[in-house]
Amino acid sequence: MGTTRSGESRAGVPLTNLDQPLFEQAGASKRDLVDYLDAVCDRILPGLRGRPLSVMRVLRGQAPFMQKNVPKYTPSWVRTVPVWAEASRREVSYALCDDRRTLLWFGNQRAIEYHPTLARAEAMSRPTHLVLDLDPPADGEAEGEQGAEGFRQAARAALLVRQALADSGLAGVVKTSGAKGLHVFVPIEAHQDMEDTAAATRALAARAERIDPALATTAFIKADRGGKVFLDPTRAGGATVVAAYSPRIRPGVPVSFPVAWTDLDRIAPGDFTIRNAVGLLGSADPWAESMPAPQGLPADLIEEGHTIPVPRVAAMHEGKRRAKARREQQDTP
């Protein structure tokens, strides 16, 4: 570690205002964030390297915001890649967080959350993982005991996903999202394209739901979930998912942490924070160590998925249908 006029530096990156609070209710400083990122550098970088990166930043006195396009003051040594954004009809220059220097620069920029794409920059149409995002029921979004019960439901739903994977000849790993739910990752072979991967994700969610429809649901519209865990299959295609070991902008600064399937019934999201995660890890990297080799997706899984409507599109049409029905009902004398 060296020094500069502005304070400390690491890997040639000037670090400023390290002792300022990270954000309200963080219970941590910017120094805590930088120290944490530096300590898990070798474990978080493999999930970021070569992937267009979005980050959530919190500047002093401002609300958190998502940054995709790199700012003009980004150092020339930060690798970037242009990606066409269909929604905004423009090219976005994303950062590639490939090394410790770049990670520390992001930390100094108060980038707290790290959301890489599921595909690498050189092959954006070929996702490397199939992902299911398990969201607790709405009352599970509360804090305290209600929130804990919601997470316990999500943990039970994760085991449904594991069973559906096994029944399909597949294997995956699980991590806390760092928020209220869980993420199941399934590494897949490089020849699987975006549409087939998205279809397989929908089918996997449907198969898990069928195992215990009283616990889990694939209903995209919240009002239709009936207090069940939502098996969200929409983290596909060009989507991003928060990286393993990434901090989250929540009270206490929890991190997205790998867990063993057998430990799901004895953990809670708040168990893993930037203050204790490094000690819990020791020298281990459970995310890399437990990740199966890339797998081919079964043809029947892909075929089933192509018969299931894309959730966002189906929800949009259903929303329009319900709105029309309400209008017609109001117009009826």
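This tour moves through a predicted model, from a loop residue to a sheet and then to a set of salt bridges.

**First stop: Ser 29**

Select Ser 29, which is found in the loop between strand 3 (13-15) and helix 1 (30-39). Its relative accessible area is 13%, under the 20% cut-off, and Ser 29 therefore counts as buried. Display the neighbours next: leaving aside residues up to four places away in sequence, Ser 29 touches Leu 18, Asp 19, Gln 20, Pro 21 and Leu 22.

**Second stop: the six-stranded sheet**

Next, colour the strands of the open sheet, whose order is 12-13-9-11-10-14 and whose pairing is mixed. Strand 12 (216-217) and strand 14 (258-259) stand at the edges; each has a single partner strand, so one side of each is left without a neighbour in the sheet.

Select strand 9 (residues 129-135) together with strand 13 (residues 229-232). These strands run antiparallel and are joined by three bridges. Asp 135 has Phe 230 in strand 13 as its bridge partner. Now add helix 5 (residues 194-211), which packs on the sheet and touches strand 9, strand 12 and strand 13. The direction of helix 5 makes about 40 degrees with that of strand 9.

**Third stop: salt bridges**

The model contains 16 salt bridges. Begin with Arg 248 and Glu 113, whose side chains meet at 3.2 Å, N to O. This pair links distant parts of the chain, 135 residues apart: Arg 248 lies in the loop between strand 13 and strand 14, and Glu 113 lies in strand 8 (residues 111-116). Are these two residues buried or exposed? Arg 248 is buried at 13% relative accessibility, and Glu 113 is buried at 6%.

Move to helix 4 (residues 144-167), where Arg 152 and Glu 149 lie three residues apart, about one turn of the helix. Their side chains form a salt bridge of 3.1 Å, N to O. Arg 152 is partly exposed, with a relative accessible area of 34%, and Glu 149 is likewise partly exposed, at 30%.

Return to helix 5 and select Arg 207 with Glu 304, a salt bridge of 2.8 Å, N to O. Arg 207 is in helix 5 and Glu 304 is in helix 8 (residues 299-306), so that the pair links parts of the chain 97 residues apart. Arg 207 is buried, with a relative accessible area of 16%; Glu 304 is also buried, at 18%.

Finally, select Arg 10, Asp 35, Asp 38 and Arg 100, which are joined into one network by salt bridges that share partners.

Methods:
Residues are numbered from 1 along each chain as its sequence is written. This is a predicted model: local features need pLDDT of at least 70, side-chain atom pairs count only at pLDDT 80 or more; totals for chains, interfaces and linings use all residues. Side-chain values use heavy atoms; hydrogens and water are left out. Helices (H or I, at least four residues) and strands (E, at least two) are DSSP runs, numbered from the N terminus. Buried means under 20% relative accessible area, exposed over 50%, partly exposed in between (1.4 Å probe, protein chains only). Contact means heavy atoms within 4.5 Å. Two strands pair if DSSP finds at least two bridges between them. Axes are lines fitted to C-alpha atoms, for helices over the stretch in contact, and angles run from 0 to 180 degrees between N-to-C directions. A salt bridge is a side-chain nitrogen of Lys or Arg within 4 Å of a carboxyl oxygen of Asp or Glu.
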